[in-house]
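Visitor: I would like to go through the reasoning behind a few descriptions of this structure. Could you show it to me before we begin?

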Amino acid sequence: MSSTPAGRTVIRGGTVVTMAPGALDIPDGAVLVEGDEIVGVGPAEEFASVDAEVLDAGGGVIMPGMIDTHRHMWMALLRGESADMSLLTFLDTLHDRCGKVVDAETLALSTRVSAIEAVNAGVTTVLDYCDAVNSPDHARAAVDALAASGVRAVHAYGMHAYDEGVATFKDHGERLDDARRLREETLSGDAGRVTMALALSLLGAVPFPLTEAEVALGDALALHTASHSHALWGTVFTTGVRELRHRGLLRPGQLHIHCTNLTDGEWRALAEAGAKVSIAPETELQMGMGHPPIRRSIEHGFLPSLSTDVATAGSGDLFAQMRLALQFQRCVDNDAYNRRGEMPVNLTYSVRDALTWATRGGAEALNLGDRVGTLEPGKQADVIVVGGAHPNLLPRPTRPEAVVLQAGPADVDLVMVAGRVLKRAGRLVDVDLPALGHAAENARDAWVRKAGGLVPAPAEQILRHSAEADVWAAANLAQAFCGTPPG
Ligand SMILES: [Zn+2]
């Protein structure tokens with residue numbers, strides 16, 4: 001299933017949008033693939049005599065696969081269940097209640113569904129934020145599901161510990177040891193299709209020395225770390241950039257997710273460290289996390305990346321995230337004119353910018369910029385075709401990047417990851433969707449029963465839990481300033 005194709009393939013019959021900095025689009029272009037690698041990009045006529053299998057783009061846009069920099073794949077089976085929930089209610093009802101009882105088999109099926117959903121939507125790389133590793137089997141099940149799916153993935157091994165339920169780890173040290181074993185025994189390389197990162201415990205959720213131990217493990221195993229950072233308001237829970245900086249724990253390539261509530265000083269600290277940022281517009285806009293920090297991240301020197309976060313609330317595709325991010329930021333920027341009783345003449349960001357965030361921005365945020373994110377010789381053959389003869393794309397836009405505002409997952413006709421075709425002529429290859437749907441529904445129903453249902457607790461109880469979390473987060477974070485000074 002996951003063997004590397006050996007032959008040559010040429011994708012042609014469409015406009016090539018390479019997303020390489022400064023590169024022009026190539027009308028009637030072609031991409032030549034050999035094995036798992038891109039070996040040529042140019043006008044189709046240059047490749048006319050090449051002996052290769054031909055994949056016809058049908059007039060669509062030939063572009064790099066999109067990159068989702070933060071996706072809790074283990075929650076895909078709970079699709080739509082937090083559609084009307086704030087973050088506080090989601091954390092209490094979905095995350096905690098379901099996370100503590102999810103078994104490895106259910107987690108694997110959810111990860112598989114999420115991977116197939118991603119591929120179908122033209123997302124060829126995902127960072128799987130696997131913060132429900134209740135046992136060693138959970139992490140292995142997730143990795144196996146990712147490997148079998150064909151998607152390119154960074155398995156971010158979750159350090160998050162639920163306070164009760166099925167967790168088999170005796171203490172935090174056992175969890176660190178297990179992550180080390182996974183790195184050494186299963187995901188030791190960084191060149192494979194599935195690689196590894198560490199998903200830190202929520203900042204403030206554990207005593208700061210444990211956060212420090214997690215970052216130290218990342219250093220020891222040469223793994224990047226990822227963190228949900230500064231996503232709440234009126235509480236210190238999930239903050240910690242100041243503490244990380246004080247202890248010397250900010251890292252180049254460290255991924256900070258959401259960042260909706262960072263001060264300018266904290267933005268500068270992340271920028272100076274060479275950290276990366278992941279923005280999840282759909283959940284941020286819905287759940288009370290604040291404004292997706294598109295402009296703020298750019299003004300501090302970041303190239304934004306986009307993420308879908310959870311299928312319990314939003315869509316699993318980056319078309320939606322591009323649209324929400326772009327139009328939200330335009331609205332905020334236009335407001336400055338409107339409030340003066342004026343109309344803007346020009347817009348601030350373009351559809352090309354949004355496409356950059358979903359491709360090259362994602363690759364750089366996941367430290368994969370030398371392998372994916374653009375169509376260039378030497379890069380991995382992660383290629384998609386968006387377009388074909390769908391009514392919403394007729395007439396075909398003369399500016400190919402305009403598909404940002406017009407297309408959806410159904411318009412993704414071809415998906416190739418590492419040279420292997422996973423979707424062709426608009427249909428997923430080797431996926432029995434009715435059987436998968438049946439299994440997914442049964443597993444979902446059993447999981448929700450085990451969790452005791454998904455009716456939210458009364459608002460007063462949720463607010464009380466939140467107030468308690470604020471107090472112990474303050475105590476946990478304060479430990480960054482106590483004890484042994486940072487070395
Ligand atoms: Zn998240």
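Visitor: At what angle do helix 4 and helix 5 pack, and how far apart are their axes?
Guide: In this predicted model, helix 4 (residues 172-185) packs against helix 5 (residues 208-221) at an angle of about 15°, and their axes are 11 Å apart.

Visitor: Why are helix 4 and helix 5 called roughly parallel to each other?
Guide: Angles under 35 degrees count as roughly parallel, and the angle here is about 15°, so helix 4 and helix 5 are roughly parallel to each other. Their crossing is right-handed.

Visitor: Which residues in helix 4 and helix 5 meet?
Guide: From helix 4, His172, Leu176, Ala179, Arg180 and Arg183 take part, and they meet Leu210, Ala213, Leu217 and Leu221 in helix 5. By residue class, this contact comprises six nonpolar, one polar and two charged residues.

Visitor: How many helices and strands does the protein chain have, and why is it called as compact as a globular protein of that length?
Guide: The protein chain has 14 helices and 17 strands. Its radius of gyration is 22 Å, and because the globule rule gives 23 Å for 487 residues, a value close to this one, the chain is as compact as a globular protein of that length. The C-alpha trace spans about 70 × 60 × 45 Å along its principal axes.

Visitor: What share of the residues of the protein chain count as buried?
Guide: With buried taken as 20 or more other C-beta atoms within 10 Å of a residue's own, 53% of the 487 residues count as buried.

Terms used: Residues are numbered from 1 along each chain as its sequence is written. This is a predicted model: local features need pLDDT of at least 70, side-chain atom pairs count only at pLDDT 80 or more; totals for chains, interfaces and linings use all residues. Helices (H or I, at least four residues) and strands (E, at least two) are DSSP runs, numbered from the N terminus. The radius of gyration is taken over C-alpha atoms; the globule rule is 2.2 Å times the number of residues to the power 0.38. A residue is buried if 20 or more other C-beta atoms lie within 10 Å of its own, exposed if 12 or fewer, and partly exposed in between; C-beta atoms are placed from the backbone. Axes are lines fitted to C-alpha atoms, for helices over the stretch in contact, and angles run from 0 to 180 degrees between N-to-C directions. Angles under 35 degrees count as roughly parallel, over 145 as roughly antiparallel, 65 to 115 as roughly perpendicular and the rest as oblique. A crossing is left-handed if the near helix is turned anticlockwise from the far one by less than a right angle, and right-handed if clockwise. Two residues are in contact if their C-beta atoms, placed from the backbone, lie within 7 Å. Ala, Val, Leu, Ile, Met, Phe, Trp, Tyr, Cys and Pro count as nonpolar, Asp, Glu, Lys and Arg as charged, and the others, Gly among them, as polar.
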